[in-house]
Amino acid sequence: MSRIMNKVRSGLETVGLKPHKRDDHPKTDESIKHKRSKVLALVLAGGEGGRLDVLTEQRAKPALPFGGSLRLIDFAMSNCRHSRLSDVWLIEQYELHELNEHLANGRPWDMDRTYGGLQVLPPFEIHDKDKKKDGGKDKDKGKDGGKDENKDKKSKDDKEGNGSDHGGFAEGNADAIYRHRRLLRKFEPDLLLVLSADHIYKLDFRDVIDFHEDHNADVTMVTTKLPEGDTATRFGVVEVSEDGRVANFEYKPKQPKSDLVTAEVFVYDFPKLMETLDDLADDGELKDYGEGLLPELVKQGNTWEFRLNSYWRDVGIPESYWKASMDLIFKRQELNLDDPEWAILTRSTQRLPAFISETARFDNCLISPGCTIAGTVIRSVIGPGCVIEAGAVVCDSILFDEVHVEADATIERSIIDEKVIIGKGSFIGGRTGVGEKKELTMIGKKIKIAHHTTVPPGEKISPEKPKD
């Protein structure tokens with residue numbers, strides 16, 4: 001038996017899975033109990049990401065490129081893989097196709113398995129006999145009368161908390177969880193690990209799960225200090241007692257009482273979560289869990305914090321996304337994505353190394369494979385397959401895949417989406433005057449900027465409309 005176990009351990013190490021740090025210690029009865037808990041990870045990847053403006057007009061926020069070759073969803077998925085979570089479900093809703101193509105049934109994270117692994121949960125609708133009967137009657141009614149009656153019925157159902165009984169589109173993250181309650185109850189997890197898909201961080205979720213069980217908590221929030229340059233009004237703000245119990249929670253307060261914020265990672269006792277959501281749904285409409293669910297659980301007194309002291313940043317707005325990208329260059333010790341023991345895994349096209357011409361000049365930048373660089377790149381992140389011609393300058397900017405910057409063009413403090421062409425001699429972005437807000441310039445997918453065009457700082461150009 002020991003020989004078989006040694007072979008299994010050797011096989012795990014071969015594919016890059018580290019033994020959990022607690023594996024080397026004798027297993028107590030308590031640790032065995034923890035191992036037997038049935039844990040389901042639920043990644044919330046359905047948000048529209050409207051605050052990212054033109055960058056998410058035609059893609060889901062979790063599919064947004066980061067660091068040249070990665071996508072935002074890769075962080076949640078890689079953390080789950082390294083934490084050895086065998087069941088990961090992902091709720092999606094907005095712009096599914098590009099996200100699904102990247103997910104590749106979980107293959108990049110070794111989750112394309114027969115049992116367990118990744119399961120994607122798109123919006124759905126179940127059979128409704130009453131709806132079918134109403135639809136049949138509507139055929140015999142006047143056009144306007146039928147519509148008004150259905151609209152009134154839908155509004156009444158939503159107010160009574162019944163609108164989610166038959167699936168449909170969620171109005172927030174708590175609503176998204178509740179709409180999938182039948183599947184979740186069928187799976188019957190002991191613990192539900194709920195993650196967002198637009199944060200940059202590395203975390204072993206097993207440590208959070210162990211902490212949660214040690215405290216027999218209803219919910220454990222992962223918290224972190226507010227990142228430099230950010231504002232607490234965008235987050236759930238937490239106050240804790242000396243023993244780590246959450247004493248107060250405010251969701252996106254106008255006047256925050258603390259600089260301690262939620263990292264959008266939660267471990268719930270599943271029966272308690274469902275019981276609370278049922279009660280909240282009976283009282284009214286469910287939206288984000290910061291609006292009703294978490295305040296209710298905090299009020300009941302069994303909510304705890306797990307402090308994350310390493311790098312974390314929410315990239316749901318352009319300025320934070322840009323800062324996190326610059327951190328890849330200037331905070332390499334804090335944000336090390338090259339760690340082979342905790343690699344951020346992804347699905348990417350295989351390309352040759354970048355070609356660097358003798359005319360190229362560089363200063364603190366990241367250049368992805370497949371690029372051809374003949375111009376100057378300063379403090380920038382350049383995505384795969386980009387072309388920067390001689391005389392062109394890219395400074396303090398982020399270029400997505402296959403951007404072409406023609407000769408003598410300049411890009412400054414901008415985010416340029418994929419397959420954009422910047423015409424010869426054009427000037428994109430730049431810095432605003434002293435005392436003015438330094439807004440980022442953003443250009444959407446497949447836009448062609450004509451020769452010698454000036455795009456001012458803060459300008460947002462929507463992507464080319466897809467062909468029917």
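Q: In this predicted model, how far apart are N and O where the side chains of D204 and R206 meet in a salt bridge?
A: Let's start with the setting: D204 and R206 are both buried. Side chains of opposite charge can pair when their charged atoms come close. For the side chains of D204 and R206, the N to O distance in the salt bridge is 2.8 Å.

Q: Is D338, which forms a salt bridge with R332, buried or exposed?
A: The closest N and O atoms of D338 and R332 are 3.7 Å apart, inside the 4 Å limit for a salt bridge. The partner R332 has a relative accessible area of 44%, so it is partly exposed. For D338 the relative accessible area is 59%, and residues over 50% are classed as exposed. D338 is therefore exposed.

Q: How many residues apart in sequence are the parts that the pair E402 and R351 ties together?
A: E402 and R351 form a salt bridge whose closest N and O atoms are 2.9 Å apart. E402 sits in the loop between β22 (398-399) and β23 (404-405), whereas R351 belongs to the loop between α12 (318-330) and β14 (355-356), so the parts tied together are separated in sequence by 51 residues.

Q: Which buried residue of helix α4 is also linked in a network of salt bridges?
A: The buried residues of α4 (residues 96-103) are E98, L99, H102 and L103. They span an arc of only 135 degrees around the axis, which places them on the same side of α4. The network of salt bridges links R59, R71, E98, D417, E418 and K445. The name found in both lists is E98.

Q: What covers the buried residues of α4?
A: These residues, E98, L99, H102 and L103, lie on the same side of the helix, because their arc around the axis is only 135 degrees. Their cover includes β3 (70-71), α3 (73-82), β4 (87-91) and β5 (117-121).

Q: Which residues point one way from β4, and which the other way?
A: In a regular strand the side chains alternate between the two faces of the sheet. β4 is mostly covered, with five of its five residues buried. Going by direction, D87, W89 and I91 point one way, and V88 and L90 the other way.

Q: Is the β-α-β crossover from β4 through α4 to β5 right-handed or left-handed?
A: β4 and β5 pair in the parallel sense over five bridges, and V88 has L118 as its bridge partner in β5. The chain passes from β4 through α4 to β5, and this crossover is right-handed.

Q: Which residue of β4 is the bridge partner of L42?
A: Strand β1 (residues 39-44) runs parallel to β4, and four bridges join them. Within β4, the partner of L42 is W89.

Q: Which are the edge strands of the open sheet formed by six strands?
A: The order in this sheet is β15-β18-β21-β24-β27-β30, with parallel pairing. An edge strand pairs on one side only, and that picks out β15 (361-363) and β30 (454-455).

Q: Which residues does T410 touch, leaving out those up to four places away in sequence?
A: T410 lies in strand β24 (residues 410-412), which pairs with β21 (residues 393-395) in the parallel sense over three bridges. T410 counts as buried because its relative accessibility is 17%. The residues touched by T410 are V393, S426, F427 and I428.

Conventions
Residues numbered from 1 in each chain as written. Predicted model: local features only at pLDDT ≥ 70, side-chain atom pairs only at ≥ 80, totals over all residues. Heavy atoms only, no water. Buried < 20%, exposed > 50% of the residue type's maximum accessible area, 1.4 Å probe, protein only. Helix = DSSP H or I, 4+ residues; strand = E, 2+ residues; numbered from the N terminus. Arc of directions from axis to C-beta. Contact = heavy atoms within 4.5 Å. Pairing = 2+ DSSP bridges. Right-handed = clockwise from strand over helix to strand, strands pointing away.
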